[in-house]
Amino acid sequence: MRVLNSVVLPVGTHVDCCQEQEVAEKTHDIMARITAMLAERKSNLAHFIDNLEGSEEPKFYVDQWEKLKEMESCTLTILNLVAVNCTDHCDIKKLEATILKHVKNEELFPEVVRVLPPVYRQVEAAIVDIARSEEVADHGMMDLQYLVSKLSQREHLAGLGRELLQDILRYLHRIGLIVWYEEIKHLESTVFLQPAFLITMFKLLVRHHLVQQLESIS
């Protein structure tokens, strides 16, 4: 909701736990809830903006007004939900094919035809090589400065400027090759070369019945 012109593909899992009719009903219900949520958000934003514009001293709320107007201008495209059975390889391939079909849709992603400079691919290949090396721990966490130094040691990347490298890292973060939380102060100097490790950690920490399990510990 906060990203300009974002596209969201809802995915429903655990289809194997439902009857066919249930899947159709739940899919319809989820999409209806999303539609209602977006309508409520649009209404709330308009209400807040009207309140600021109608205040006695609107000039004091210019910053808030601009932020709200910026949020109001963010269009959000919701694609049709895809229901999958995660234990079925065919369903995973179906999801992959659906994602690729949408990503290649120039109406949804106008920049899909943009050609990246070769250096982007070179840095990507170098990072994959570093992530697979024995010196990198299984968690894949690496200091940003150390990663920069490792990349600069490669002959074809020696002259790479820091600003360009950070742009490339942002791109690799967006496509999911790495995770770099540069906007979080305590994490801005750390790059995660193994995103799958983070997913595993999140699954351990954020899961069903976690509260009950913690409360059962004496």
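1. A good place to start is Lys93, which is partly exposed, with a relative accessible area of 41%. Its partner in this predicted model is Glu96: the two side chains form a salt bridge, with N and O 2.8 Å apart. Glu96 is partly exposed as well, at 38% relative accessible area. Both residues sit in helix H3 (residues 89-103), and because they are three residues apart there, about one helical turn separates them.

2. Helix H2 (residues 62-73) offers a pair with that kind of spacing: Lys69 and Glu72 are three residues apart, so about one helical turn lies between them. They form a salt bridge whose closest N and O atoms are 3.3 Å apart. Lys69 has a relative accessibility of 33% and counts as partly exposed; Glu72, at 35%, also counts as partly exposed.

3. Now for a salt bridge with a longer reach along the chain. The side chains of Asp129 and Arg154 meet at 2.8 Å, N to O. This pair links distant parts of the chain, with Asp129 in helix H4 and Arg154 in the loop between H5 and H6, 25 residues apart. Asp129 is partly exposed at 41% relative accessibility, and Arg154 is partly exposed at 25%.

4. To round off the charged residues: Asp167, Arg170 and Glu182 are joined in a network of salt bridges. Over the whole structure, a search finds eight salt bridges.

5. How do H4 and H6 pack, in angle and axis distance? Helix H4 (residues 118-132) meets helix H6 (residues 162-174) at about 70 degrees, and their axes are 10 Å apart. H4 is therefore roughly perpendicular to H6. On the H4 side the contact is made by Val119, Tyr120, Val123, Glu124 and Ile127, and on the H6 side by Leu164, Leu165, Asp167, Ile168, Leu169, Tyr171 and Leu172. By type, the residues of this contact are ten nonpolar, two charged and no polar.

6. The largest nonpolar core has 23 residues, and those touching the most other members are Val123, Ile127, Leu147, Leu151, Leu169, Ile178 and Leu193. At least two residues of this core come from each of H4, helix H5 (144-152) and H6. H4 supplies the largest share, seven residues. Another core lies apart from this one; it has five residues, including Ile49, Leu52, Leu68 and Met71.

7. Which residues does Leu151 touch, leaving out those up to four places away in sequence? They are Val123, Ala126, Ile127, Ile130, Leu157 and Leu165.

Conventions:
Residues are numbered from 1 along each chain as its sequence is written. This is a predicted model: local features need pLDDT of at least 70, side-chain atom pairs count only at pLDDT 80 or more; totals for chains, interfaces and linings use all residues. Side-chain values use heavy atoms; hydrogens and water are left out. Axes are lines fitted to C-alpha atoms, for helices over the stretch in contact, and angles run from 0 to 180 degrees between N-to-C directions. Helices (H or I, at least four residues) and strands (E, at least two) are DSSP runs, numbered from the N terminus. Angles under 35 degrees count as roughly parallel, over 145 as roughly antiparallel, 65 to 115 as roughly perpendicular and the rest as oblique. Contact means heavy atoms within 4.5 Å. Ala, Val, Leu, Ile, Met, Phe, Trp, Tyr, Cys and Pro count as nonpolar, Asp, Glu, Lys and Arg as charged, and the others, Gly among them, as polar. A nonpolar core is a set of buried Ala, Val, Leu, Ile, Met, Phe, Trp, Tyr and Cys residues joined through side-chain atoms within 4.5 Å. Buried means under 20% relative accessible area, exposed over 50%, partly exposed in between (1.4 Å probe, protein chains only). A salt bridge is a side-chain nitrogen of Lys or Arg within 4 Å of a carboxyl oxygen of Asp or Glu.
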